[in-house]
Amino acid sequence: MSDFRPTLRPVLGAKLAISSAAVRLSSLPEGAVIQVLARPSEQDVASVLDGLARAAALTVRPVSPGQWFIIGEEPMTFQEMKALFDALEPRATGVDQSHGRVRIRISGKMAARVLSKGTAVDLASGSFPVGQSATTLIGHIVAHITCIEAETFEIIVLRGFAESLWDDLARMSAEFG
């Protein structure tokens, strides 16, 4: 048996935050990302998820009908993950996506304008209020966007595309300083 132990390096660890008066781009901690899939016949799973998330200091992001992401700033232990999955059953199933998803934050008065260069989603505050989420393309990359505060968006992207998306967002932000 080998003593090899892989080292997890944050995919955006070498990227410096981009900041100006109009827009700020930063990587978020690679904590916990759990995808929840509800059974088609289940009702009111969202409120159950909200209760579970609040109790564990996690947040819920809607993905599509019957699907959500549960987000944590810190990695979850095996026992915490098992307890969450057990609490979801039999209404829903959880899948740990922490190793395969990366979160990016873009904020500032021009954040929606930067994102609009790459996506067709209307991110204006009247159309995309705080708490609203959408799975979309940013350029050619599939991403999940959530408005987490006024003029602040969280983007969840597959790990293999995170660096490319970061570079695209940096280029799209360049005109704003």
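**Figure 1. The residue that follows helix α1.** In this predicted model, α1 is followed by Ala 57, a residue with a positive phi, near 60°. It makes a handy starting point for the views below.

**Figure 2. Helix α1 and its buried side.** Three residues of α1 are buried here: Val 45, Leu 49 and Ala 53. They line one face of the helix, because the buried residues fall within an arc of 70° when seen down the axis of α1. On the face turned away from that buried side you will find the exposed residues Arg 54 and Ala 55. What lies over the buried residues of α1? The cover includes the strands β3, β4 (59-64), β5 and β6, together with the helix α2.

**Figure 3. Helix α2 and its buried side.** Now for the second helix, where Met 81, Leu 84 and Leu 88 are the buried residues. Around the axis these three cover an arc of only 65°, which puts them on the same side of α2. Phe 78 and Gln 79 are exposed, and they sit on the face of α2 turned away from its buried side. Among the elements that cover the buried residues of α2 are β3 (32-38), β5 (67-72) and β6 (92-96), along with α1. The two helices thus appear in each other's cover: α2 is included for α1, and α1 is included for α2.

**Figure 4. The largest pocket and its lining.** If you are thinking about volumes, the largest pocket comes to about 160 Å³. Which residues line this pocket? They are Leu 52, Ala 55, Ala 56, Leu 58, Glu 74, Pro 75, Met 76, Glu 80, Ala 83, Leu 84 and Ala 87. Two helices, α1 (45-55) and α2 (78-88), each supply at least two residues of the lining. The largest share comes from α2, with four residues. Sorted by class, the lining has nine nonpolar and two charged residues, and no polar ones. Two of the lining residues have already appeared in the views above: Ala 55 lines the pocket and is exposed on α1, while Leu 84 lines the pocket and is buried in α2.

**Figure 5. Lys 15 and its two acidic partners.** Zoom in on Lys 15 and you will see that it forms a salt bridge with Glu 163, the closest N and O atoms being 3.6 Å apart. This pair links distant parts of the chain, with Glu 163 in helix α4 (residues 159-173) and Lys 15 in the segment before β1 (18-19), 148 residues apart. Lys 15 also forms a salt bridge with Asp 167, and here the closest N and O atoms are 2.8 Å apart. Asp 167 lies in helix α4 and Lys 15 in the segment before β1, so this pair ties together parts that are 152 residues apart in sequence. Are these residues buried or exposed? Each is partly exposed, with a relative accessible area of 40% for Glu 163, 23% for Lys 15 and 27% for Asp 167.

**Figure 6. A salt bridge between two loops, and a network.** The side chains of Arg 91 and Glu 42 meet in a salt bridge, at 3.2 Å from N to O. Arg 91 sits in the loop between α2 and β6, and Glu 42 in the loop between β3 and α1, so the pair links distant parts of the chain, 49 residues apart. Arg 91 is partly exposed, with a relative accessible area of 28%, and Glu 42 is partly exposed too, at 26% relative accessibility. Elsewhere, salt bridges that share partners join Arg 61, Glu 73, Arg 103 and Glu 154 into one network. In the whole model the count comes to eleven salt bridges.

**Figure 7. Cys 147 and its surroundings.** Our last stop is Cys 147, in strand β9 (residues 141-149). With a relative accessible area of 4%, Cys 147 is buried, because the cut-off for that is under 20%. Which residues is Cys 147 in contact with, leaving aside its neighbours within four places in sequence? They are Phe 128, Pro 129, Val 130, Gly 131, Gln 132, Thr 152 and Phe 153. For a sense of distance, the C-alpha atoms of Cys 147 and Asp 50 are separated by 17 Å, and the two residues are 97 residues apart along the chain.

How values were computed:
Residues are numbered from 1 along each chain as its sequence is written. This is a predicted model: local features need pLDDT of at least 70, side-chain atom pairs count only at pLDDT 80 or more; totals for chains, interfaces and linings use all residues. Side-chain values use heavy atoms; hydrogens and water are left out. On a 1 Å grid over the protein atoms alone, a cavity is a set of points where a 1.4 Å probe fits but cannot get out, and a pocket is an open set with protein on both sides within 12 Å along at least five of seven lines; lining residues have an atom within 4 Å of a point. Grid points are joined across faces, edges and corners, and a volume is the space filled by probe spheres set on the points. Ala, Val, Leu, Ile, Met, Phe, Trp, Tyr, Cys and Pro count as nonpolar, Asp, Glu, Lys and Arg as charged, and the others, Gly among them, as polar. Buried means under 20% relative accessible area, exposed over 50%, partly exposed in between (1.4 Å probe, protein chains only). The arc is that of the directions from the helix axis to the C-beta atoms. Contact means heavy atoms within 4.5 Å. A salt bridge is a side-chain nitrogen of Lys or Arg within 4 Å of a carboxyl oxygen of Asp or Glu.
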